[in-house]
Amino acid sequence: MSVSSRCLVYTGHRKSARVLTDLNEISEVLKDPTAFIWYDVVAPQPDDVAVVQEEFDLHPLAIEDALTLHQRSKIDTYEAYWFLIVHGVLHAGDVISVREMAVFAGPRFFITVRDNPAYPIDEIQRRWEHQPESLDCSSGTLLYAFLDTLVDGYWPAAEALEERVAELEGMLFAEKNRARDALIEIFNMKKVIQRFRKAVVPMREILISVLRNDLGLLAEGEVPYFRDIYDHATRVIEEIDAARDLVNSSLEIHLGLTANQQNEVAKSLTIIATIFLPLSYLTGFFGQNFGFLINGIINPRAFWIFGVGLELAALAILLSYFRRKRWL
């Protein structure tokens, strides 16, 4: 057994665990009808699971999936046990990390295979050992503690994501530099939410399969507990979808603001070009050698009236028209 592995034996009671140092003794331990084994291993090698594969008749394909990283979340039903791939979420500040785990849940054994860096299971063990006495020391109650802890861990991350996206949405209306920084973070947040959602959404399908209880691993009194986890998972998914909608709306707001700014610039340039159009016409017109202009504009008064006055009049008429149309 590797240093990162731990095999606990419970005999009739969840609080009476002892550590099994030699996995070859599993057969001897299971001769006690009240014995239950929880084998946990972090970043295992094939030798770490070879003994339990033989002892519990685990399918080679399930073992291969358990030893291979980056599997999708799922649940497979074998003849006498469930095989699950699930993802736990750790939230620290603005950083959300996803941890992959594999689970074999059989009538008298529970095997957890954790990726490295590993998702912590201390809280899972604490919850399981402090469950009501009415719940048996069984694979079903441990699976409940395991999935319940995972789903509860989704909540802080989902709420933090939604709050942060709302803050970034407000930053888009700030000065240009802050808006640019917010936009970059929003794109990064979109990737985080997508990865988070891929980890959480399959949990609902996993719980549906568990609630069918095809293998009879759950006692009748344990089913409502899994329904409660299902409700919590559904609410978390709704929180994630709300955060995703906020991200999409934030991007739409940014695109709308950018388009509006471009329209304002285009409008200003159009107004300037329109103002200079008649002025260019007048200056060009008076630049021609008409007899009246040559013989009539013979003093400063005529120059100010015909030369400058007409241009100012054209400018005043255009500005008045623009204001009337509310373009200014």
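**Note on the predicted model: side-chain pairs and helices**

1. E123 and R126 sit 3 residues apart in helix α4, about one turn of the helix. The two side chains form a salt bridge, with 2.7 Å between the closest N and O atoms. E123 is partly exposed, because its relative accessibility of 30% falls between the limits for buried and exposed. R126 is likewise rated partly exposed, with a relative accessible area of 42%. The pair belongs to a network of salt bridges that links E123, R126, R127, D148 and D152. The model is a predicted one, and each point below should be read with that in mind.

2. How many salt bridges does the structure hold? The count is 11. One of them joins R114 and D40, whose closest N and O atoms are 2.7 Å apart. This pair links distant parts of the chain, with R114 in strand β7, D40 in strand β3, and the two positions 74 residues apart in sequence. Both R114 and D40 are buried.

3. A further salt bridge connects the side chains of R197 and D241, at 2.7 Å from N to O. Here too distant parts of the chain are linked: R197 belongs to helix α6 (residues 176–212) and D241 to helix α7, 44 residues apart. R197 is partly exposed, as its relative accessible area is 23%.

4. The aromatic pairs deserve a separate point. By the ring criterion there are 13 aromatic pairs. For Y10 and W128 the ring centres are 4.6 Å apart and the planes stand at 85 degrees, so this pair is edge-to-face. Y10 comes from strand β1 (residues 6–11) and W128 from helix α4 (residues 122–129), so the pair ties together parts that lie 118 residues apart in sequence. Y10 counts as buried because its relative accessibility is 0%. W128 counts as buried as well, with a relative accessibility of 0%.

5. W38 and F110 also make an edge-to-face aromatic pair, with 6.3 Å from centre to centre and 85 degrees between the planes. W38 lies in strand β3 (residues 35–42) and F110 in strand β7 (residues 109–114), so far as sequence goes 72 residues apart, and the pair links distant parts of the chain. W38 is buried, with a relative accessible area of 1%, and F110 is buried at 0% relative accessibility. Which residues do ring pairs link into a cluster? The members are Y10, F36, W38, F110, W128 and F146.

6. Strands β3 and β7 thus appear in two of the pairs described: R114 with D40, and F110 with W38.

7. Helix α5 (residues 139–171) contains 33 residues. From its first C-alpha to its last, helix α5 reaches 49 Å, close to the 48 Å expected at 1.5 Å a residue. Is helix α5 largely enclosed or open, and why? Of its 33 residues 24 are buried, so the helix is largely enclosed by the rest of the structure.

8. Helix α7 (residues 223–286) includes F276. On the surface, V265, L269, I272 and F276 make a nonpolar patch of about 400 Å². P224 also has its place in helix α7. P224 is partly exposed, with a relative accessible area of 42%. Between the C-alpha atoms of P224 and L211 the separation is 8.9 Å, with the two positions 13 residues apart along the chain.

9. D65 is placed in helix α3 (residues 60–67). Its relative accessible area is 17%, under the 20% limit, so D65 is buried. Leaving aside neighbours within four places in sequence, D65 is in contact with Q71, K74, F83 and I85.

10. Some totals for the protein follow. The secondary structure comes to 9 helices and 7 strands. Buried residues make up 41% of the 328 residues. Of the contacts with a separation of 6 or more, 65% come from residues 24 or more positions apart. The exposed area is about 18,000 Å², of which carbon and sulfur atoms supply 55%.

Notes:
Residues are numbered from 1 along each chain as its sequence is written. This is a predicted model: local features need pLDDT of at least 70, side-chain atom pairs count only at pLDDT 80 or more; totals for chains, interfaces and linings use all residues. Side-chain values use heavy atoms; hydrogens and water are left out. Patches are made of residues with over 30% relative accessible area and no salt bridge: like charges are joined within 9 Å, nonpolar side chains (Val, Leu, Ile, Met, Phe, Trp, Tyr) within 5 Å. Accessible areas come from the Shrake-Rupley method with a 1.4 Å probe; for residues, only the protein chains shown count as cover. A salt bridge is a side-chain nitrogen of Lys or Arg within 4 Å of a carboxyl oxygen of Asp or Glu. Helices (H or I, at least four residues) and strands (E, at least two) are DSSP runs, numbered from the N terminus. Buried means under 20% relative accessible area, exposed over 50%, partly exposed in between (1.4 Å probe, protein chains only). Contact means heavy atoms within 4.5 Å. Rings of Phe, Tyr and Trp (its six-membered ring) pair if their centres lie within 6.5 Å; planes under 30 degrees apart count as stacked, over 60 as edge-to-face and the rest as tilted. The expected span of a helix is 1.5 Å times one less than its number of residues.
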